[in-house]
Amino acid sequence: MKENVFVPAAEIERQKAIAAELKASGGGRVWIRTFGCQQNEADSEKLLGICGLCGYTPVGEAAQADLVIINTCAIREHAELRALSGAGQLKKLKADRPDLLVAVCGCMVEQEHRRAQLFASYPYVDFLFGTDRLHLLPELLLRAKREKKRFAVTASQPGGDFGVISEGMPVRRTSAYRAWLPVMYGCNNFCTYCVVPFVRGRERSRDTETILREARELIESGCHDITLLGQNVNSYAGDTDFPGLMRKILELPGDFWLRFMTSHPKDASGDLVEAMRESDKAARHFHLPVQSGSDRILARMNRRYTASEYLEKVAYIRERLPDAAITSDVICGFPGETEADFEQTVELVGRAGFDMLYTFVYSPRVGSAAAKMEGQIPHEEKVRRFERLSAFQNERAAAINASYVGKTLRVLSDGEENGIYSGRCSQNKIVTFDRAVAPGSFAQVEITGAQAYALSGVVRE
Ligand code: SAH
Ligand code: SF4
Ligand code: F3S
């Protein structure tokens with residue numbers, strides 16, 4: 001049985017009425033700075049849509065704005081420090097223009113110690129709001145304008161509760177031809193290193209029909225690349241399961257690629273691979289984060305698969321979808337990781353042959369189980385492992401990319417930047433090419449060169 005997790009339509013209407021009031025009173029200009037993953041980027045696009053209802057038009061820098069929103073990430077300490085420094089940069093602006101409204105939202109503000117820190121050390125921040133309170137923005141803006149008293153509205157405060165999905169607010173997308181399409185929110189997996197279940201709450205899925213309608217609108221408006229988003233898309237539970245949802249979208253008419261992020265290896269099923277095989281529109285890319293190649297560490301991480309089970313999945317994908325790229329994430333220096341455990345990770349990375357690997361230094365997160373574990377590893381040692389693995393992977397990736405030389409790939413152009421023409425292929429690799437192709441158009445590119453992070457080639461038609 002699916003719980004009723006949706007914000008009542010009447011509440012959305014109430015927020016829209018407040019938004020209309022704000023718009024009538026003049027609106028203003030908004031600048032949103034986004035840290036973190038695609039989920040946060042999608043949230044910022046929703047915030048921009050809501051700001052539009054409130055009469056705020058987007059501008060390119062804080063100095064031109066009447067409202068600044070910092071959308072934060074909490075996944076590693078580095079991400080938090082960057083977000084805090086982003087907030088810190090507004091101090092002078094607020095001193096010069098006391099009417100400037102400054103809001104901080106996103107994953108970081110769902111942690112009590114960060115809220116306390118923001119209130120204590122960032123007096124120029126006017127209000128905080130949490131990851132599933134975006135739809136309340138009109139009301140929060142009105143309150144901030146009227147009260148002049150600082151406040152926080154989050155799910156993790158006493159009396160708060162995670163778990164709502166709000167539909168019916170507009171989304172203002174950054175790109176006309178690539179789109180994030182969230183299908184579910186939250187996570188139930190509780191990997192022991194991870195803060196996400198604490199800052200985004202439990203899993204909840206959007207209705208299949210709503211997602212389909214949005215996908216249809218995107219395709220009709222000229223979008224050629226749609227990424228379905230969720231912390232673990234395989235847990236999607238709407239009127240159908242995730243492969244079912246993929247099939248329904250893949251059946252829609254139009255010329256587009258369909259992608260998804262992220263797939264937990266324990267749940268990535270044979271049926272998902274089959275759904276992808278059935279259609280060329282399913283982009284040939286799997287992001288399948290492995291985290292470690294040591295069974296002992298995988299168990300301590302609560303990942304619920306072994307290294308050999310993981311490699312079996314990779315082999316299955318390679319057999320059924322030979323042209324698919326497989327990318328992954330690894331954490332270096334998880335508590336208790338010995339040199340031998342780390343060597344097993346290097347070995348797994350060698351055997352899996354990842355097209356791309358995102359390597360992270362383990363960062364203890366307040367409230368997570370791993371932060372309290374014995375065997376925390378000194379920073380320099382974590383960095384040493386990180387560097388060793390990165391160098392190893394770079395060689396592997398360059399060799400894999402070299403095997404693309406001579407092939408002709410369909411590439412979705414992103415246009416020109418700093419004199420370089422580039423786009424992405426179905427495998428999600430960056431491809432640079434020799435001449436202008438309108439952003440958002442497809443081109444056939446013959447690959448003539450390869451590096452660890454990109455392919456290069458010439459346009460053939
Ligand atoms: N839901 C996604 C991942 C979200 S976080 C998934 O399960 O794949 C993206 C990546 O950040 C993770 O895959 C992991 O490699 C890394 N990560 C998460 N918490 C971390 C921490 N505490 N320290 C270092 N890296 C971390
Ligand atoms: Fe974090 Fe694990 Fe959930 Fe991914 S699956 S968001 S790593 S708890
Ligand atoms: Fe960061 Fe939150 Fe995403 S912690 S990685 S922005 S879900």
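Being four residues apart in helix 14 (residues 379-402), R385 and E381 are separated by about one helical turn; helices (H or I, at least four residues) and strands (E, at least two) are DSSP runs, numbered from the N terminus. The two side chains form a salt bridge whose closest N and O atoms are 2.8 Å apart, the term denoting a side-chain nitrogen of Lys or Arg within 4 Å of a carboxyl oxygen of Asp or Glu. R385 is buried at a relative accessible area of 5%, whereas E381 is partly exposed at 22%; buried means under 20% relative accessible area, exposed over 50%, and partly exposed in between (1.4 Å probe, protein chains only). Through shared partners, salt bridges join E337, E339, E381, R384 and R385 into one network.

The model is a predicted one, in which local features need pLDDT of at least 70 and side-chain atom pairs count only at pLDDT 80 or more, while totals for chains, interfaces and linings use all residues. Residues are numbered from 1 along each chain as its sequence is written, chains are lettered from A and ligands numbered from 1 in the order in which they are written, and side-chain values use heavy atoms, with hydrogens and water left out.

The structure holds 36 salt bridges, among them pairs that link distant parts of the chain. R200 and D43 meet at 3.1 Å, N to O. R200 belongs to helix 7 (residues 196-200) and D43 to helix 2 (residues 38-53), with their positions 157 residues apart. R200 is buried at 5% relative accessibility, and D43 is buried at 7%. A further salt bridge joins D66 to R29, with the closest N and O atoms 3.6 Å apart. Here D66 lies in the loop between strand 2 (56-58) and strand 3 (67-72), and R29 in strand 1 (residues 28-34). D66 is partly exposed at 26%, as is R29 at 39%.

R200 appears again around ligand 3, where the neighbouring residues are G36, C37, N40, C73, A74, I75, C107, R200 and Q231; a residue counts as near a molecule if one of its heavy atoms lies within 4 Å of it. Ligand 1 is surrounded by 15 residues, the closest being R76, Q231, Q291, D329 and S363. Strand 13 (325-332) and strand 14 (356-361) each supply at least two residues of this shell. Oxygen atoms of ligand 1 lie 3.0 Å from a polar side-chain atom of R76 and 2.7 Å from one of Q291. A nitrogen atom of ligand 1 is 2.8 Å from a polar backbone atom of S363. Taken alone, ligand 1 exposes 550 Å², of which the protein buries 89%; the areas come from the Shrake-Rupley method with a 1.4 Å probe.

The aromatic residues remain to be described. There are 11 aromatic pairs, in which rings of Phe, Tyr and Trp (its six-membered ring) have centres within 6.5 Å, with planes under 30 degrees apart counted as stacked, over 60 as edge-to-face and the rest as tilted. Y193 and F334 pair edge-to-face, at 6.4 Å centre to centre and 85 degrees between the planes. Y193 lies in the loop between strand 8 (184-185) and helix 7, and F334 in the loop between strand 13 and helix 13 (339-352). Y193 is buried at 11% relative accessibility, and F334 at 0%. The rings of F334 and Y362 are 5.6 Å apart at their centres with planes at 65 degrees, so this pair is also edge-to-face. Y362 occupies the loop between strand 14 and helix 14 and is buried at 3%.

Technical notes. Polar contact = N/O pair within 3.5 Å; in protein donor to acceptor, adjacent residues only side chain to side chain.
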